[in-house]
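Could you take me on a walk through this model, telling me what to select at each stop and what is to be found there? I have the viewer open and am ready to click.

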Amino acid sequence: MWLLAELTYRCPLHCVFCYNPVDYIANRKELGTEQWLDVLRQGRKLGAAQLGFSGGEPLLRDDLEDLVAEGRRLGYYTNLITSGIGLTEERLRRLADAGLDHIQLSFQDSTREMNDFLSSTRTYELKSRVAKLIKQFDYPMVLNVVLHRYNLDHVERIIEMALAMGAEYLELANTQYYGWGLVNRAQLMPTREQLRKAEAVVEACRERIGNRMRILFVVPDYFEGRPKACMNGWGSVFLAVAADGAALPCHAARAIPGMVFPDVTKESLRDIWYDSDAFNKFRGDAWMKEPCRGCEDKHKDFGGCRCQALALTGDAANTDPVCSKSPRHGELQRIVVQAHKAQAADVLKPLVFRSDANSRLLSGM
């Protein structure tokens with residue numbers, strides 16, 4: 001149903017919670033225009049209805065307008081997921097003429113100081129101008145803000161900012177600990193009290209603003225007792241194609257060692273979707289271990305997130321430790337407690353910003 005084209009891993013921002021692979025610098029390869037056009041056509045034949053353009057920063061691709069135009073011709077609903085850097089009035093006019101349907105704009109915080117600190121750039125004012133441009137062109141806008149301990153207490157101001165910018169939707173997505181977010185997990189982990197207060201603020205704001213703006217509040221898994229139905233199940237409704245042509249059942253799947261992900265330049269999307277080992281690896285429930293195998297909820301949460309199970313247990317086939325039925329759930333709770341103790345004692349390591357130098361370091365280059 002949903003094809004995500006991760007056009008590039010290049011990005012002008014250096015966000016500490018980025019879900020892109022920490023070793024992205026190891027592979028600068030990007031599909032060419034004709035290769036991407038072929039992917040879009042194959043995806044539509046398979047039945048994909050929604051097409052997302054992301055990265056990195058997709059605006060760094062000079063052929064973005066051509067890809068959007070082909071997406072419109074094929075009948076996709078197209079969505080640009082962007083930091084806004086590079087979205088000038090002229091560029092937006094070209095994208096509108098190409099048929100772009102929707103824009104999701106990211107902010108890091110409601111204040112210039114924190115927004116610019118978390119992205120290690122001076123971009124708050126630029127993003128604010130881009131938000132005005134999006135409304136000027138009469139686009140529906142989703143404003144996305146990733147939450148963590150540095151900005152969770154600012155949630156009411158973030159909501160007011162989104163209202164003032166005319167956003168139809170505000171996605172308050174608590175950090176999911178993959179990629180750079182996992183590297184910075186202890187530094188980004190909020191407290192339960194922060195979360196409780198933020199949820200109360202969000203609920204009060206929902207009642208106050210009514211249908212002027214829809215607020216989506218994504219709770220971080222580490223504080224839950226049941227796992228999310230990640231991607232509605234592995235290889236179920238979502239297919240991502242990475243910048244170098246790797247086909248992925250979820251954004252973070254490359255973190256799983258020992259798996260070979262198909263290359264769209266060598267195999268058709270149909271063969272990848274139906275027949276590849278990677279996309280069949282965690283489909284259905286035959287792969288499940290206990291307690292998932294005998295759980296009545298296994299067709300609701302699909303055992304949780306495979307990448308999270310890997311990060312927390314070392315085995316992607318284990319029950320996601322977010323689940324209270326997991327024998328490793330206590331270890332997850334200890335991670336939260338340890339992070340809070342380190343925060344209280346002010347002994348946390350410095351934040352690791354996404355950068356080429358840090359990517360080389362983390363990939364062992």
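Select Asp346 to begin: in this predicted model, Asp346 counts as exposed, at 69% relative accessibility. Its place is the loop that runs between helix 14 (329-344) and helix 15 (356-362). Check the backbone while you are there, since Asp346 is not a glycine and yet has a positive phi of about 55 degrees. Most residues other than glycine have a negative phi.

Now jump to Asp138, another non-glycine residue with a positive phi, here about 60 degrees. You will find Asp138 in the loop between helix 5 (124-136) and strand 5 (141-147). Is Asp138 buried or exposed? With a relative accessible area of 67%, Asp138 is exposed.

Stay with the backbone for two more stops. Select Gly55 and Gly56, which are joined by a cis peptide bond with omega of about 20 degrees. Gly56 sits in the loop between strand 2 (50-54) and helix 2 (64-74). Then select Glu290 and Pro291, where the peptide bond is also cis and omega is about 5 degrees. Pro291 belongs to the loop between helix 11 (277-280) and helix 12 (298-301).

Keep Pro291 selected, as this residue is part of the lining of the largest cavity. How many cavities of 30 Å³ or more does the structure hold? There are 2. The largest has about 90 Å³ of space, and its lining also includes Met288, Cys292, Cys295, Lys298 and Cys323. By type, the lining residues are 6 nonpolar, 2 polar and 3 charged.

Two of those cysteines deserve a click. The sulfur of Cys295 has its closest cysteine sulfur in Cys323, but at 6.2 Å the two are too far apart for a bond. Cys295 is buried, with a relative accessible area of 14%. Over at Cys15, the closest cysteine sulfur is that of Cys11, 6.4 Å away and again too far for a bond. Cys15 is buried as well, at 9% relative accessible area. For the whole structure the disulfide count is 0.

For the second largest cavity, with about 80 Å³ of space, select Trp234, Phe282, Trp287, Phe302 and Arg306, which are among the residues lining it. This lining divides into 6 nonpolar, 2 polar and 1 charged.

Next comes a pocket, the second largest, with about 410 Å³ of space. Of its 20 lining residues, Pro21, Val22, Asp23, Arg254 and Ala255 are the closest to the centre. Helix 7 (179-183) and helix 13 (306-313) are the elements that each give two or more residues to the lining, and helix 13 gives the most, with 3. The lining residues comprise 14 nonpolar, 3 polar and 3 charged.

Now turn to the largest nonpolar core, which has 115 residues. Which residues have the most contacts inside it? They are Phe53 and Leu172. Helix 6 (residues 155-165) supplies the largest share of this core, 7 residues. Centre the view on Phe53 and show what surrounds it: among the residues Phe53 touches are Ala5, Leu7, Leu40, Leu64, Val68 and Ile81.

Finish at Arg91, in helix 3 (residues 89-98). Arg91 is buried, with a relative accessible area of 9%. Leaving aside residues up to four places away in sequence, Arg91 touches Leu59, Arg61, Asp62, Leu64, Glu65 and Gly86.

Technical notes:
Residues are numbered from 1 along each chain as its sequence is written. This is a predicted model: local features need pLDDT of at least 70, side-chain atom pairs count only at pLDDT 80 or more; totals for chains, interfaces and linings use all residues. Side-chain values use heavy atoms; hydrogens and water are left out. On a 1 Å grid over the protein atoms alone, a cavity is a set of points where a 1.4 Å probe fits but cannot get out, and a pocket is an open set with protein on both sides within 12 Å along at least five of seven lines; lining residues have an atom within 4 Å of a point. Grid points are joined across faces, edges and corners, and a volume is the space filled by probe spheres set on the points. Ala, Val, Leu, Ile, Met, Phe, Trp, Tyr, Cys and Pro count as nonpolar, Asp, Glu, Lys and Arg as charged, and the others, Gly among them, as polar. A nonpolar core is a set of buried Ala, Val, Leu, Ile, Met, Phe, Trp, Tyr and Cys residues joined through side-chain atoms within 4.5 Å. Buried means under 20% relative accessible area, exposed over 50%, partly exposed in between (1.4 Å probe, protein chains only). Helices (H or I, at least four residues) and strands (E, at least two) are DSSP runs, numbered from the N terminus. Contact means heavy atoms within 4.5 Å. A disulfide is a pair of cysteine sulfur atoms within 2.5 Å.
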